[in-house]
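Reader: Please take a close look at one part of this model, the helices around the ligand and how they pack against each other. I would also like the residues and loops that go with them.

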Amino acid sequence: MLRFLSLFAVIFALAVPAAAQDTTVDSRAATGGAQTLADILERQEGLKVDDAFRSEATGNPDVAAPGSDQLGTLGGASDPELWRAFRYGSADISTQNRGPAATTVIQDGGMWWLEFREGALLQIAMYLLGGTLVALTLFYLIRGRIKIDGEKTGRTITRFKAFERFGHWLLASSFIVLGLTGLFSLIGRKVLIPLFGHETFSFLAVGSKWVHNNISWAFIIALFIIFFVWVVHNIPDRTDLRWLAKAGGLFGGEHPPAKKFNAGQKLIFWAVIVLGGSIAVSGLSLLFPFEINLFGHTFSTLNGWGVPGWFGATELPYPLSPQEEMQYAQLWHALISLILTAIIFAHIYLGSVGMEGAFDAMGKGEVEEQWAREHHSLWVQGVLGADPVEKENSK
Ligand code: HEM
């Protein structure tokens with residue numbers, strides 16, 4: 001009996017999200033007389049749910065939804081104690097599947113996660129990425145392309161060696177592929193299915209997942225490469241304060257002195273390392289489900305320090321079920337990726353159309369000396385010596 005009920009519960013648990021994706025499922029006819037998505041949402045919001053369909057069925061299987069239907073109830077034969085035990089994790093369940101999540105048959109947190117992922121997260125994605133693109137377009141229209149101010153010398157300086165450029169382009173290409181395939185997975189149901197239909201999306205989704213999972217390794221390797229080759233040039237120092245005080249001369253005025261990387265680039269570098277590192281770790285936790293649990297212990301530590309109280313918030317949930325760990329990992333992975341993508345939009349703009357002479361640094365590895373003098377004057381002094389023109393002439 002218990003086996004049968006477990007199986008039924010699994011089918012029920014799988015069926016709820018599938019039905020929940022369709023918000024039109026709010027009539028009892030569509031659920032075979034069982035509770036509807038509207039009922040579930042009302043109950044979650046703490047509103048009063050009209051449960052006459054249940055109470056009338058108690059002890060009277062004839063008026064209950066047939067158990068044979070998808071989402072059907074057992075009517076008078078239902079066993080609320082058992083379902084409660086399933087829901088609160090106290091049922092004595094034995095399964096053939098030995099996975100860590102096998103004995104969680106009903107998981108309430110799933111609804112919150114599903115709603116956030118299908119709603120707020122997509123809005124954040126739209127405003128963050130769309131807003132950044134609009135801001136960059138406005139910046140371009142107002143400020144125009146940042147030109148090399150002085151006379152070009154016709155001489156070039158080596159800015160990045162081949163290995164540095166290899167690390168950068170491995171990082172950049174993998175990030176772009178991961179960004180696109182990740183976005184396909186995120187907006188698939190809401191945007192791509194209505195646009196292309198289920199068949200095409202199925203192909204896209206399976207392909208995206210495969211590419212996303214496998215290209216992730218290239219991104220992780222590239223993160224290590226750029227960290228080791230550039231970390232010494234990205235340690236903050238006093239020149240950064242001067243550079244920041246003048247907003248890097250981005251809005252006009254003189255070019256503040258900078259070493260190999262200016263303060264703006266150092267911020268990009270550390271954003272890539274810290275946020276990219278966090279994306280990599282949360283991605284690994286999603287790639288190996290239930291093996292790397294990042295959130296339960298973190299929440300418990302933060303609660304111990306009283307951090308939620310600092311913001312007037314209630315304690316963070318703890319302990320977490322294995323599925324909740326994965327849900328938090330998914331939300332974190334997506335949110336941090338969106339934030340880094342917005343930052344990278346600005347980087348790509350400045351490294352290409354936004355600034356004359358910048359792309360050559362990563363394209364050819366050589367930059368126009370005048371460009372280097374304007375944007376990285378201290379670095380040029382270090383490479384060519386204090387008076388580079390004389391030094392060049394005396395060669
Ligand atoms: C595909 C478009 C991209 C272009 C055109 C581009 C261009 C550039 C250029 C020209 C530089 C050297 C700037 C200089 O000489 O001072 C650079 C540096 C760098 N790039 Fe990119 N990049 C792209 C994508 C990316 C992506 C996707 C990432 C990371 C996920 C990234 C991370 C970095 C980092 C960390 C640096 C060093 C720090 C800095 O200059 O800000 N780039 N990039």
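Author: What follows starts with the chain as a whole, goes on to the ligand shell and the helix pairs, and ends with single residues and loops.

The model is predicted, and local features are reported only at pLDDT of at least 70, side-chain atom pairs count only at pLDDT 80 or more, and totals for chains, interfaces and linings use all residues. Residues are numbered from 1 along each chain as its sequence is written.

The chain contains 16 helices and 2 strands; helices (H or I, at least four residues) and strands (E, at least two) are DSSP runs, numbered from the N terminus. Of its 395 residues, 19% are buried. A residue is buried if 20 or more other C-beta atoms lie within 10 Å of its own, exposed if 12 or fewer, and partly exposed in between, with C-beta atoms placed from the backbone. Among contacts in the chain with a separation of 6 or more, 67% join residues 24 or more positions apart. Two residues are in contact if their C-beta atoms, placed from the backbone, lie within 7 Å.

The ligand has 21 residues around it, and Ala172, Gln265, Ile268, Gly351 and Ala361 come nearest. Two or more residues of this shell are given by each of α7 (162-230), α9 (263-287), α12 (322-351) and α13 (359-363). A residue is near a molecule or strand if its C-beta atom, placed from the backbone, lies within 6 Å of it. The largest share of the shell, 6 residues, comes from α7. By class, the shell has 15 nonpolar, 5 polar and 1 charged residues. Here Ala, Val, Leu, Ile, Met, Phe, Trp, Tyr, Cys and Pro count as nonpolar, Asp, Glu, Lys and Arg as charged, and the others, Gly among them, as polar.

Two packed helices are described by the angle between their axes and the distance between the axes. Axes are lines fitted to C-alpha atoms, for helices over the stretch in contact, and angles run from 0 to 180 degrees between N-to-C directions.

For α7 and α9, the angle is about 150° and the axes are 10 Å apart. Their crossing is left-handed, a term used if the near helix is turned anticlockwise from the far one by less than a right angle, with right-handed used if clockwise. On the α7 side the contact includes Phe219, Ile220 and Trp230, and on the α9 side it includes Phe269, Gly276 and Gly283. The residues of this contact are 9 nonpolar and 5 polar, with no charged ones.

The axes of α9 and α12 come within 9 Å and cross at roughly 150°. α9 is therefore roughly antiparallel to α12; angles under 35 degrees count as roughly parallel, over 145 as roughly antiparallel, 65 to 115 as roughly perpendicular and the rest as oblique. This crossing, too, is left-handed. Among the residues that make the contact are Ile268, Gly276 and Gly283 of α9, and Trp332, His333 and His347 of α12. The contact of α9 with α12 has 12 nonpolar and 9 polar residues, and no charged ones.

Two single residues of α7 can be placed in more detail. Ser173 lies in helix α7 and is partly exposed, with 14 other C-beta atoms within 10 Å. Its C-alpha atom is 8.5 Å from that of Phe219, which is 46 residues away in sequence. Lys190 also belongs to helix α7, and Lys190 is partly exposed because 14 other C-beta atoms lie within 10 Å. Not counting residues up to four places away in sequence, Lys190 touches Glu118 and Leu122. The C-alpha atoms of Lys190 and Leu122 are 9.0 Å apart, across 68 residues of chain.

The loops come next. Lys259 is in the loop between α8 (238-245) and α9, and counts as buried because it has 22 C-beta neighbours inside 10 Å. Beyond its neighbours within four places in sequence, Lys259 is in contact with His233, Thr239, His376, Leu378 and Trp379. Ala247 is in the loop between α8 and α9 and has a positive phi of about 50° although it is not a glycine. Phe290, in the loop between α9 and α10 (295-305), has a positive phi near 70°. Pro319 lies in the loop between α11 (307-310) and α12, and a cis peptide bond with omega of about -5° joins Tyr318 and Pro319.
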